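Here are a few notes to read with the structure open beside you. Take them one at a time and find each residue as you go.

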Amino acid sequence: DAKLVDPSISDQEIEEDFSAHIRTHWDKETIRAALLDCENPQLVYLNELLFAREHEMPFSIGAKCDIEHIMPGSGKNLVVIRDDAGLGSREDFDAIVNRLGNKILLEASINRSVGNEWFRTKVSTTLGAKTGYIDSDYPIAQKLVEKYQFENKPYWTKQDIEEATEKASDRIVRFLFKAD
């Protein structure tokens, strides 16, 4: 639309046009259902921004930012990690590992450091050259540390991924439809 490049058109008018288009042509439940199964990595950035706003936390994307799988998608301990998470079969694992609720933003250096470690290592490590979510500036990583850091053996399970995916989907739908 030409309005996007017309300097005489206000940002508010453009935003109102977008909102009207969304309300007219999109369905909340269809969008929400699509988000529950979505594996699009770009939505991780939007989810992180909206999470930060929701929790009134600072947010900026660093120059060296990665998308991190909370439950790793590969690695030497994958079978045990999968079992710990309640995902016995490879099919169950493949169906959930790339969902939005299993992905966060993380500094590249931290992501390389934690690699394919167990969740408990990711939320509590800060030993020498190894670092974990505990050193991250990204809001979701910080909240995971806050919630799990002092648990004896925290696990990131299928249920955690499903719940995080539902919350992320709801968060994005609220943003798109400007609803609470």
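1. Start with phenylalanine 18, which you'll find in helix α1, the stretch covering residues 11-25. Keep in mind as you look that this is a predicted model.

2. Is phenylalanine 18 buried or exposed? Neither, quite: its relative accessibility is 48%, so it counts as partly exposed. The cut-off for exposed is over 50%, and buried means under 20%.

3. Now look at who shares the surface with it. Leu4, Val5 and Phe18 make up a nonpolar surface patch of about 340 Å².

4. Next, hop over to helix α9, residues 158-177, where aspartate 160 sits. This one is buried, yet it has no salt bridge. The nearest side chain of opposite charge belongs to lysine 147, and that is 5.3 Å away. A salt bridge has to be within 4 Å, so lysine 147 doesn't make the cut.

5. So what does the side chain of aspartate 160 reach? Try the backbone nitrogen of threonine 157, at 2.9 Å. If you skip the neighbours within four places in sequence, aspartate 160 is also in contact with Tyr148 and Tyr155.

6. Stay in helix α9 and find lysine 167. With 53% relative accessibility, lysine 167 counts as exposed, whereas aspartate 160 in that helix is buried.

7. One last thing to check on screen: lysine 167 and glycine 101 are 66 residues apart along the chain, but their C-alpha atoms are separated by 7.9 Å.

Terms used: Residues numbered from 1 in each chain as written. Predicted model: local features only at pLDDT ≥ 70, side-chain atom pairs only at ≥ 80, totals over all residues. Heavy atoms only, no water. Patch = residues over 30% accessible without salt bridge, like charges linked within 9 Å, V, L, I, M, F, W, Y side chains within 5 Å. Areas by Shrake-Rupley, 256 points an atom, 1.4 Å probe, with all protein chains shown as cover. Helix = DSSP H or I, 4+ residues; strand = E, 2+ residues; numbered from the N terminus. Buried < 20%, exposed > 50% of the residue type's maximum accessible area, 1.4 Å probe, protein only. Lys, Arg positive; Asp, Glu negative; His and termini not counted. Polar contact = N/O pair within 3.5 Å; in protein donor to acceptor, adjacent residues only side chain to side chain. Contact = heavy atoms within 4.5 Å.
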